[in-house]
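Visitor: Hey, I've got a chain I'd like to walk through with you. Can we pull it up and start from the basics?

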Amino acid sequence: MEDLLLSIHVLAGIVFVGGSAVATSLFPRYAPIAVPAGTPIGPLGAEPADERNRSTALVLHRITRVYALIGITVPVVGIALALVQGRMSETWVTVAMILTAAAGVLLPWQIHPRQREALREPGEKAALSRLSMYSGFYNLLWAAVVVLMIVRPGSAD
């Protein structure tokens, strides 16, 4: 049972958390921005020649939402695994759960709504820079969780 839970936990983390981390990071690069009047535009009235593509941003937004919802399996299975292993009282597990909760709050209350707003109405690059910052925090939280899972400071082992 332990091996099954660990396999599900790691695979779900790689696929769902990794997928949402990549999608949140890439979204600001592709999100449409408001183009000031008089700005030269590309051929056939397209946006300025850069990577901005609303369709790509929309796909990244959907990946962020869906993978985040499915990614709930990671902490659920992680808690089940910690219970089976008798590790719930270990400090590194508690810290990892707090960091996971922080990432779980950041995504639906900051990142996802800002993505939705950027798709609804193209804004300034500054707003996308703030979104990039939140995405960076989100990814940093997950990176810290991964390090805790590997190093396990204060572990009984």
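Guide: Sure. Helices here are DSSP runs of H or I with at least four residues, and they are numbered from the N terminus. Keep in mind that this is a predicted model.

Visitor: OK, how many helices and strands are there in the chain?
Guide: There are 5 helices and 0 strands. Reading from the N terminus, the order is α-α-α-α-α.

Visitor: And how much of the chain is buried?
Guide: Buried residues are 32% of the 157 residues. As for contacts with a separation of 6 or more, 81% come from residues 24 or more positions apart.

Visitor: Let's look at a helix pair. How do α4 and α5 cross?
Guide: Helix α4 covers residues 91–120 and α5 covers residues 125–151; their axes come within 9 Å and cross at roughly 160°. Angles over 145 degrees count as roughly antiparallel, so α4 and α5 are roughly antiparallel to each other. The crossing of α4 past α5 is left-handed.

Visitor: What sort of residues are in the contact of α4 with α5?
Guide: By class, 21 are nonpolar, 4 are polar and 2 are charged.

Visitor: Switching topic: is Gln115 buried or exposed?
Guide: Gln115 sits in α4 and is buried, at a relative accessible area of 0%.

Visitor: Which side chains does the Gln115 side chain make polar contacts with?
Guide: One is the side chain of His61, at 3.0 Å. Another is the side chain of Thr64, at 3.4 Å.

Visitor: What else does Gln115 touch?
Guide: Leaving out residues up to four places away in sequence, Gln115 also touches Ala23, Thr24, Phe27 and Leu131, along with His61 and Thr64.

Definitions and conventions:
Residues are numbered from 1 along each chain as its sequence is written. This is a predicted model: local features need pLDDT of at least 70, side-chain atom pairs count only at pLDDT 80 or more; totals for chains, interfaces and linings use all residues. Side-chain values use heavy atoms; hydrogens and water are left out. Axes are lines fitted to C-alpha atoms, for helices over the stretch in contact, and angles run from 0 to 180 degrees between N-to-C directions. Helices (H or I, at least four residues) and strands (E, at least two) are DSSP runs, numbered from the N terminus. Angles under 35 degrees count as roughly parallel, over 145 as roughly antiparallel, 65 to 115 as roughly perpendicular and the rest as oblique. A crossing is left-handed if the near helix is turned anticlockwise from the far one by less than a right angle, and right-handed if clockwise. Ala, Val, Leu, Ile, Met, Phe, Trp, Tyr, Cys and Pro count as nonpolar, Asp, Glu, Lys and Arg as charged, and the others, Gly among them, as polar. Buried means under 20% relative accessible area, exposed over 50%, partly exposed in between (1.4 Å probe, protein chains only). A polar contact is a pair of N or O atoms within 3.5 Å; within protein, one must be able to donate a hydrogen and the other to accept it, and residues adjacent in sequence count only if both atoms are side-chain atoms. Contact means heavy atoms within 4.5 Å.
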